[in-house]
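Open the model in your viewer and keep the selection panel at hand. The stops below are meant to be taken in order.

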Amino acid sequence: LGVRSPGAASAIARHATLLPSLLQKTVMPPSNGITSSNFLNPAATLPILFLLNDLARQSRYAASRIPYANFLPPLLGIDAGGDQQLVKAQKWALVLWRKLLRYGLGFSGLPSLVSLSIKHINSDSSPLATGYCTLFAAWLDCIKIVGKTYNEQVNRLKSSFNNNVRETFSSTLTWLEPSVRQCAETLGKDWAKKNKDDYNTNALSVLASKMRFIGSFVSAASASSSSSNSNNNTVESESIIDRLVLLLTDSLSQIITT
């Protein structure tokens with residue numbers, strides 16, 4: 001029903017007990033805050049994540065009714081190890097969060113993802129690398145739009161931000177610079193290390209997502225530079241962009257040579 005009808009999706013999301021009960025029985029962590037994988041069953045978690053993604057795709061209203069901050073950070077904070085079902089659940093959790101960002105939702109809790117993402121973004125084989133890179137790219141696209149666009153819709157969005165979200169927006173470039181710099185530094189090295197048989201669809205997907213992450217960061221930094229009233233901020237943004245361009249040029253040279 002949620003896939004076929006936006007009205008049904010809104011009704012499911014709006015229901016007083018249906019969605020809260022499903023979430024409580026599948027993905028909500030216990031009240032004691034334990035984030036061990038024991039608190040959920042991946043076989044039950046995947047269907048609810050599929051449902052949430054379908055609801056979020058239908059309308060902004062349905063997406064806004066999903067209490068993502070209560071369960072997505074704990075779910076992504078679990079060390080999946082070799083549990084492929086849990087890894088798949090975490091992939092869909094990242095997809096859901098990315099959809100929320102495209103509606104101008106989902107900003108609460110984003111800072112917690114920066115530290116969680118490091119081991120995945122720095123790896124050329126993590127199954128979650130693409131998910132984190134594309135999520136961060138969507139986050140940076142929001143920063144660029146809010147920083148450069150002035151219309152009634154964006155102004156309404158800005159006015160709805162609380163202090164935590166405003167701090168998130170103002171600190172995003174600082175938080176993500178180490179990750180994007182690491183991407184730019186290792187892009188060519190990771191690619192050059194691969195054997196001929198490793199050049200597959202997944203490897204290309206990771207490469208493309210990292211390139212998108214870097215490109216979105218540069219666009220957001222440029223927007224911040226052009227809209228900033230502070231000369232110091234402008235110089236800092238331009239300096240970051242210059243460093244990234246040099247790193248990326250070197251990485252691309254290695255990829256082309258390979």
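In which helix does serine 179 lie? Select residues 163-193: this is helix α10, and serine 179 lies in it. The model is predicted, so local features need pLDDT of at least 70 and side-chain atom pairs count only at pLDDT 80 or more, while totals for chains, interfaces and linings use all residues. Residues are numbered from 1 along each chain as its sequence is written, and side-chain values use heavy atoms, with hydrogens and water left out. Helices are DSSP runs of H or I with at least four residues, numbered from the N terminus.

Stay on serine 179. Its relative accessibility is 7%, so the residue counts as buried (under 20% relative accessible area; exposed is over 50%, with a 1.4 Å probe and protein chains only). Leaving out residues up to four places away in sequence, serine 179 touches Ile121 and Phe213, where contact means heavy atoms within 4.5 Å.

Phe213 leads to the next selection. It is listed with Leu52, Phe71, Trp97, Leu101 and Phe136 as the residues with the most contacts inside the largest nonpolar core, which has 66 residues. Such a core is a set of buried Ala, Val, Leu, Ile, Met, Phe, Trp, Tyr and Cys residues joined through side-chain atoms within 4.5 Å. Helix α8 (residues 129-148) supplies the largest share of this core, 10 residues.

Now pick leucine 52. Beyond its neighbours within four places in sequence, leucine 52 is in contact with Leu19, Leu23, Ile66, Phe71 and Leu96.

Leu19 and Leu23 belong to helix α2 (residues 18-26), whose buried residues are these two and Thr26. The three cover an arc of only 80° around the axis, which puts them on the same side of α2; the arc is taken from the directions from the helix axis to the C-beta atoms. They pack against α1 (6-14) and α3 (42-58). Rotate to the face turned away from the buried side to find the exposed Gln24 and Lys25.

Next, select alanine 63 in helix α4 (residues 60-64). Its relative accessible area is 1%, so alanine 63 is buried. Apart from residues up to four places away in sequence, alanine 63 touches Leu55, Ala56, Leu100, Tyr103 and Leu105.

Finish at helix α6 (residues 84-102). At its start, a side-chain oxygen of aspartate 83 comes within 3.1 Å of the backbone nitrogen of glutamine 85. Just after α6, glycine 104 has a positive phi of about 80°.

Methods. A polar contact is a pair of N or O atoms within 3.5 Å; within protein, one must be able to donate a hydrogen and the other to accept it, and residues adjacent in sequence count only if both atoms are side-chain atoms.
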